[in-house]
2 protein chains.
Amino acid sequence: MLTIGNLAKKTGTKVQTIRYYEQIGLMPEPGRTEGGQRRYGDAELDRLSFIRHSRQLGFSLDAIRELLDLSDHPEKSCDEADAIARRQLRQVEQRMARLKALRTELKRMVHECSGGRTADCRVLEVLRDHSECLTEHDDIGA
Amino acid sequence: MLTIGNLAKKTGTKVQTIRYYEQIGLMPEPGRTEGGQRRYGDAELDRLSFIRHSRQLGFSLDAIRELLDLSDHPEKSCDEADAIARRQLRQVEQRMARLKALRTELKRMVHECSGGRTADCRVLEVLRDHSECLTEHDDIGA
DNA sequence: CTTGAATCTACAGTAGCTAGAGGATGTAAA
DNA sequence: TTTACATCCTCTAGCTACTGTAGATTCAAG
């Protein structure tokens, strides 16, 4: 039986985050001691590992919820899980492309700005200048 | 003179976002019409373009605030701007690495899961299985 | 039995917006 | 000129995914 602190350590999660997951229904309400402290078993450890790993891979809590639902009802088709993975893959490739452009720009900025005063430095112009970027005007959210 | 709506269109920003930037002091309080509507000039267009472009490049609002401060006081050293860019570059490379790993994993998931039932599908195990990942237990934040 | 770390609940705060209510303003056609 | 309608205003609340704090309680080791 694990305390919440030990579960946190084992999964690289903050204690509050575990309680938060419980609050939003991602984690089940665990058993309690006489005194009211949470105690966890292997099932909960597995579930939390799953959640954390999924988060590290970029899944939203909603996506994780879907996956856990699938996991809880294995008679459903795997196509759903596949669809979720495909959706995530698309998003990931978009983010990668954006980050690549960003990295190029930042590298250029760092190279061009080798000491001197702000007035002579192109860092700020690069960011201000509209024409130098392919302004797509779409979402920039994570 | 631009209305807030036109400024929004020109910069790919939502109207509310512009007001939000004003609220947190990133954008200055603009002039108003008799009736109290905001009107913007070229200076504000430039500033907002700068902000939006920076956001698209992944800068936090705090970092942008720093850059704008530099921009407002060009007598300061460019080293500061350079340091900000370097910090961002480091972060970007971290994110890229994480996304690369994620993409690999997702691709594998999509390939391995070609129809069938959840029970036979490795998608869920891949995410649950602790041993298959290099658990770093560091921040996963955007 | 005491001490001190860990836990409890409850609430507030974070970033960076986004959405909605309910009303005022600006503009263009009839 | 009037009227219609898009756009604007302020204010408040909500979103995601946590994180932090306060003050009280519980657990485990010595």
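Modeller: A polar contact is a pair of N or O atoms within 3.5 Å. This cut-off will serve us in reading the model, which is predicted.

Colleague: Which atom of DNA strand D does the polar side-chain atom of A:Thr33 approach, and at what distance?

Modeller: It is a phosphate oxygen of DNA strand D, at 2.8 Å. The side chain of A:Thr17 also has an N or O atom 3.1 Å from a phosphate oxygen of this strand. A:Gly35 uses its backbone instead, where an N or O atom lies 3.1 Å from a phosphate oxygen of the strand.

Colleague: Which residues come nearest to DNA strand D?

Modeller: There are 20 residues around the strand, and A:Thr33, A:Arg55, B:Gly5, B:Arg19 and B:Arg38 come nearest. Of the atoms of DNA strand D within 4 Å of the protein, 83% belong to sugar and phosphate. The surface near the strand comprises 4 nonpolar, 10 polar and 6 charged residues.

Colleague: Which helix gives the most to that surface?

Modeller: That is α2(A), with 4 residues. At least two residues each come from α2 and α3 of chain A and from α1 of chain B.

Colleague: How should one read the burial pattern of a helix, and which residues are buried in α1 of chain B?

Modeller: An α-helix has 3.6 residues a turn, so residues three or four places apart point the same way. In α1 of chain B, the buried residues are B:Ile4, B:Leu7, B:Ala8 and B:Thr11. They line one face of the helix, because they fall within an arc of 105° seen down its axis. Their cover includes α2, β2 and α3 of chain B. Just after this helix, B:Gly12 adopts a positive phi of about 65°.

Methods. Residues are numbered from 1 along each chain as its sequence is written. Chains are lettered from A and ligands numbered from 1 in the order in which they are written. This is a predicted model: local features need pLDDT of at least 70, side-chain atom pairs count only at pLDDT 80 or more; totals for chains, interfaces and linings use all residues. Side-chain values use heavy atoms; hydrogens and water are left out. Buried means under 20% relative accessible area, exposed over 50%, partly exposed in between (1.4 Å probe, protein chains only). The arc is that of the directions from the helix axis to the C-beta atoms. Contact means heavy atoms within 4.5 Å. A residue is near a molecule or strand if one of its heavy atoms lies within 4 Å of it. A polar contact is a pair of N or O atoms within 3.5 Å; within protein, one must be able to donate a hydrogen and the other to accept it, and residues adjacent in sequence count only if both atoms are side-chain atoms. Ala, Val, Leu, Ile, Met, Phe, Trp, Tyr, Cys and Pro count as nonpolar, Asp, Glu, Lys and Arg as charged, and the others, Gly among them, as polar.
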